[in-house]
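This briefing is intended for reading alongside the sequence and the three-dimensional model. Please keep both at hand while going through the points.

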Amino acid sequence: MSSPNISRKRRAAVIGAGPVGCLAALMLAKRGWEVSLYEGRSALDPRSSLFKSAAKQRSINLAISHRGIAAMHAIDGSMAQRFMQTAIPMKGRMIHHLDGKLYSQLYDRDGQCINSIDRALLNEYFVDQVSASENIRVFFRHKVQTVDFESKNITFENMNTSRKTTASFDFCVGADGSYSVVRRQLMRVVRMDYQQEYIKHEYIEFKMPASQDNEGHLNFALDPSHLHIWPRRSYMFIALPNQDHTFTCTLFAPSEELDRLDTQNIFLNWFKSNFPDALLAIGEKNLINDYTHNPRSPLICTKSNPYHYKDRAILLGDAAHSMVPFYGQGLNCGLEDVRILDVLLSQESVMSTVSERTVDREDERLMRALSRYSQERHKDLLAIAELAMANYVEMRHLVTTPIYLARKALDNLLYTLSSPQYRSLSYLNMVLSSELYAENEPKGWLPLYTLVTFRPDVRYDTVRRTVARQSAILTGVGYVGAAVLLGVAGVWMSYATRSRYR
């Protein structure tokens with residue numbers, strides 16, 4: 001007599017309790033999976049004393065834009081709305097010239113904004129969301145030692161007891177960051193192409209305190225509706241606003257430049273000569289304290305392919321693709337990873353339950369969904385990594401050059417003349433809740449920043465190809481303009497010469 005065909009919920013193990021891991025856990029839990037979320041660091045546990053202090057020392061503020069918001073909305077619309085109440089909208093860049101002059105560069109003609117959010121607040125928000133889910137159990141201070149993808153077991157070290165424990169899974173999500181243990185374990189069973197590169201620049205965090213008016217009320221020291229940039233060719237300083245009226249500031253500079261600033265006085269004089277107005281807002285004592293106590297941190301780019309193994313594992317976020325932070329797309333791209341996976345699971349009709357009788361068999365639907373993910377996502381991740389690196393050159397130097405400003409003006413003029421229909425975030429949220437991207441988009445002429453930041457219905461690779469075509473047109477226009485000017489100049493000189501000898 002055959003045993004009864006008993007079904008149970010699929011068990012997912014999500015490694016990494018950062019925003020991407022938490023959203024992945026929420027996505028699977030919403031689909032009916034039984035989820036265990038593991039995190040080795042105490043610094044991500046809001047109950048830990050290390051939580052706030054770790055974030056203050058090394059925390060490039062996060063800029064969440066339409067791609068990240070659309071991803072959150074696709075998983076839980078009410079969660080996305082609540083989250084946005086904690087963010088500060090920024091409508092453009094404020095360029096700080098060395099002579100003290102300020103120049104505002106709006107991000108978008110329709111007034112669309114990116115949103116500044118403190119990393120600690122974001123992590124705390126997501127951890128609160130997963131902790132409140134009935135289908136999710138959260139385990140902090142559980143550090144992955146090994147993953148056996150054939151037997152579907154993970155071995156952890158419990159950092160509280162120093163004991164090793166083993167947990168089983170049906171599906172493993174690696175969202176454990178740039179130095180992913182899950183990725184290293186996957187490379188044992190997958191012929192994975194992997195590339196890692198440290199760029200020549202490092203960063204240091206600083207805090208700009210709130211100012212006070214005559215009545216003692218806290219105010220922002222700078223305009224909070226902008227991302228502030230002090231571009232200085234090979235290095236730059238930026239500042240993003242926080243809810244408590246402070247700014248989180250970041251200095252990006254070549255490692256060899258920072259090596260040279262090896263004493264407090266040398267650093268203070270260097271900073272004073274390059275960022276005098278920022279120093280006035282921060283204060284010498286605060287600046288030196290942060291410089292002395294906050295670490296110099298590296299900037300790393302990683303690329304890998306494929307991102308999955310059979311029907312058993314997938315890499316998301318920085319575990320699959322870390323990038324430099326200069327487009328503010330690292331977080332947004334990682335959250336979008338989760339939305340793309342969710343759509344593919346639905347399109348392939350992946351079930352949330354599994355039969356005990358067939359649990360050891362490969363799930364063809366899940367395997368197709370994961371395979372499609374690797375195929376669909378790879379070219380987009382290469383594209384945004386390339387665009388992010390290019391944007392650093394723009395932010396630290398090009399934003400102040402006449403050629404850049406002229407091209408930007410022409411770019412915006414063509415954007416206005418082509419008049420593509422405005423796509424509101426609410427409309428995009430509706431489209432992207434069930435589709436990977438919109439079909440036959442983009443239409444008309446759209447600036448690069450608008451495509452990357454405010455059009456999550458357009459995939460990154462399409463953005464790259466579209467902008468390459470538009471850039472070729474702008475270059476051609478420039479050559480034609482130069483030829484016309486030369487022709488006019490030649491005619492004028494010929495006329496002037498003839499007039500001289502008459």
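The points below are grouped by topic and cover a sheet, a helix, a buried aspartate and some backbone features.

The structure is a predicted model. Its open sheet is built from 7 strands with mixed pairing. Asp-170 is a buried residue with a relative accessibility of 7%, and its side chain makes a polar contact of 2.8 Å with that of Arg-8.

**The sheet and the helix across it**

- The strand order in the open sheet is β7-β6-β17-β18-β19-β14-β20.
- At the edges of this sheet are β7 (102-106) and β20, each of which pairs on one side only.
- From one strand to the next, the twist averages 30 degrees.
- Strands of a sheet pair through backbone hydrogen bonds, in either a parallel or an antiparallel sense.
- The pairing of β6 (residues 92-96) with β17 (residues 226-232) is parallel and extends over 4 bridges.
- Within β17, Leu-227 is the bridge partner of Arg-93.
- Helix α12 (residues 364-396) lies across β6, β14 (193-208), β17, β18, β19 and β20.
- The helix α12 runs at about 110 degrees to β18.

**The surroundings of Asp-170**

- Asp-170 is located in the loop between β12 (163-168) and β13 (171-174).
- Asp-170 counts as buried because its relative accessibility, 7%, falls under the 20% cut-off.
- In addition to the side-chain contact with Arg-8, a polar atom of the Asp-170 side chain lies 2.7 Å from the backbone nitrogen of Arg-11.
- Leaving aside residues up to four places away in sequence, Asp-170 touches Arg-8, Lys-9, Arg-10, Arg-11, Lys-152, Asp-311, Arg-312, Val-354 and Val-359.

**Cis peptide bonds**

- Asn-305 and Pro-306 are joined by a cis peptide bond, with omega about 0 degrees.
- Pro-306 is in the loop between β20 (297-305) and β21 (308-309).
- Glu-441 and Pro-442 are likewise joined by a cis peptide bond, for which omega is about 5 degrees.
- Pro-442 belongs to the loop between α14 (425-432) and α15 (448-454).

**Positive phi outside glycine**

- His-245, although not a glycine, has a positive phi of about 75 degrees.
- The loop between β18 (235-241) and β19 (247-254) contains His-245, which is partly exposed at a relative accessible area of 26%.
- Ser-349 is a residue other than glycine with a positive phi near 55 degrees.
- Ser-349 lies in the loop between α11 (330-347) and β23 (353-355), and at 40% relative accessibility Ser-349 counts as partly exposed.

Notes:
Residues are numbered from 1 along each chain as its sequence is written. This is a predicted model: local features need pLDDT of at least 70, side-chain atom pairs count only at pLDDT 80 or more; totals for chains, interfaces and linings use all residues. Side-chain values use heavy atoms; hydrogens and water are left out. Helices (H or I, at least four residues) and strands (E, at least two) are DSSP runs, numbered from the N terminus. Buried means under 20% relative accessible area, exposed over 50%, partly exposed in between (1.4 Å probe, protein chains only). A polar contact is a pair of N or O atoms within 3.5 Å; within protein, one must be able to donate a hydrogen and the other to accept it, and residues adjacent in sequence count only if both atoms are side-chain atoms. Contact means heavy atoms within 4.5 Å. Two strands pair if DSSP finds at least two bridges between them. Axes are lines fitted to C-alpha atoms, for helices over the stretch in contact, and angles run from 0 to 180 degrees between N-to-C directions.
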